[in-house]
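User: I'm new to reading protein models and would like a close look at one part of this one. Could you pick a single helix and walk me through what is around it?

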Amino acid sequence: TGAGTPPNIEAARAIMETIAPSTNDPAVKYYIVGNICRSLDVKGETPSNATLVGRADDILPWLQSADIGLNTVISGSGSNIKLAEYAAAGLPVVSTEFGTRGYPDLESHIRVAPIDEFSRVVRETTWPNNIPTSALQAYSWKTSARRLGEVYLGLLSQPVGSRNRRN
């Protein structure tokens with residue numbers, strides 16, 4: 001899932017050009033959903049076990065019908081929201097090590113592998129993810145908003161002149 005950003009294009013290409021072609025199990029299908037499909041120029045033919053779905057008004061039905069969420073990112077900045085979305089939807093997650101950054105509470109529940117091992121790891125991964133709700137709550141909008149509110153309140157409680165000083 002995702003938008004057509006360079007890191008997402010790179011991640012989708014890994015699925016289309018490396019992971020899907022190396023999966024020999026006809027029961028394993030890969031779906032790429034989102035605006036990323038418009039930006040994806042796949043070199044060669046689309047593998048028979050991979051489908052570019054395109055934009056979806058609601059990603060939840062796709063997540064609910066999936067067995068595993070793949071996070072194949074190897075570059076970019078910030079945390080990958082898709083990782084938290086997959087986990088919250090109950091999906092087991094297979095991710096690159098780079099893709100787990102920003103999720104210390106979830107790392108022990110995520111299968112981490114290099115791209116060239118994803119095909120094998122996907123076949124070995126079972127559903128559901130068994131991630132405790134307490135680990136997921138750290139990444140909920142409610143928790144994030146509360147943390148942001150605390151930062152804002154802390155800034156507002158400082159004297160006006162001290163907000164502009166750099167330490």
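Here is a walk around helix α4, starting from the whole protein and ending at the pocket.

Analyst: Sure, let's go. Keep in mind that this is a predicted model. To get your bearings, the protein has eight helices and five strands. Going from the N terminus, the elements come in the order α-β-α-β-α-β-α-β-β-α-α-α-α. Along the principal axes, the C-alpha atoms fill a box of roughly 65 × 35 × 30 Å. Of the 167 residues, 36% are buried. Among contacts with a separation of 6 or more, 57% are between residues 24 or more positions apart.

Now zoom in on α4, which covers residues 81–88. Which of its residues are buried? They are K82, L83, A84, Y86 and A87. The cover over these buried residues includes α1, α3, β3, β4 and α6. Here's a handy bit of background: an α-helix has 3.6 residues a turn, so residues three or four places apart point the same way. Once you move just past the end of α4, you meet G90, whose phi is positive, about 90°.

Next, look at the sheet beside the helix. Strands of a sheet pair through backbone hydrogen bonds, either parallel or antiparallel. Here three strands make an open sheet, ordered β3-β4-β5, with parallel pairing. Why do β3 and β5 each have a side without a neighbour in the sheet? Both stand at the edges with a single partner strand, so one side of each is left open in that sense. Three bridges hold the parallel pair β3 and β4 together, and N71 sits opposite S95 of β4. So where does α4 come in? The helix packs on this sheet and touches β3 and β4, and its direction makes about 165° with that of β3.

One residue shows this meeting place nicely: V93, in strand β4. Is V93 buried or exposed? With a relative accessibility of 3%, V93 is buried, because anything under 20% counts as such. If you skip residues up to four places away in sequence, V93 touches G69, L83, Y86, A87, I110 and R111. Three of those names should ring a bell, as L83, Y86 and A87 are on the list of buried α4 residues. For a sense of distance, V93 and D116 lie 23 residues apart in sequence, and their C-alpha atoms are 16 Å apart.

Finally, the pocket. Rolling a probe the size of a water molecule over the atoms shows where empty space is left. In this model the largest pocket holds about 670 Å³ of space. It is lined by 30 residues, and those closest to its centre are K29, Y30, Y31, A66 and I68. Helix α4 takes part here too: along with α1, β1, α3, β3 and α5, it supplies at least two residues of the lining. By type, the lining has 19 nonpolar, seven polar and four charged residues.

Since α1 came up both in the cover of α4 and in the pocket lining, here is one residue from that helix. S22 is found in α1, and its relative accessible area of 36% makes S22 partly exposed. Apart from neighbours within four places in sequence, S22 is in contact with S119 and R123. Its C-alpha atom is 23 Å from that of G34, twelve residues away along the chain.

To put the picture of α4 together: the helix packs on the sheet at β3 and β4, and α4 also helps line the largest pocket.

Conventions. Residues are numbered from 1 along each chain as its sequence is written. This is a predicted model: local features need pLDDT of at least 70, side-chain atom pairs count only at pLDDT 80 or more; totals for chains, interfaces and linings use all residues. Side-chain values use heavy atoms; hydrogens and water are left out. On a 1 Å grid over the protein atoms alone, a cavity is a set of points where a 1.4 Å probe fits but cannot get out, and a pocket is an open set with protein on both sides within 12 Å along at least five of seven lines; lining residues have an atom within 4 Å of a point. Grid points are joined across faces, edges and corners, and a volume is the space filled by probe spheres set on the points. Helices (H or I, at least four residues) and strands (E, at least two) are DSSP runs, numbered from the N terminus. Ala, Val, Leu, Ile, Met, Phe, Trp, Tyr, Cys and Pro count as nonpolar, Asp, Glu, Lys and Arg as charged, and the others, Gly among them, as polar. Buried means under 20% relative accessible area, exposed over 50%, partly exposed in between (1.4 Å probe, protein chains only). Contact means heavy atoms within 4.5 Å. Two strands pair if DSSP finds at least two bridges between them. Axes are lines fitted to C-alpha atoms, for helices over the stretch in contact, and angles run from 0 to 180 degrees between N-to-C directions.
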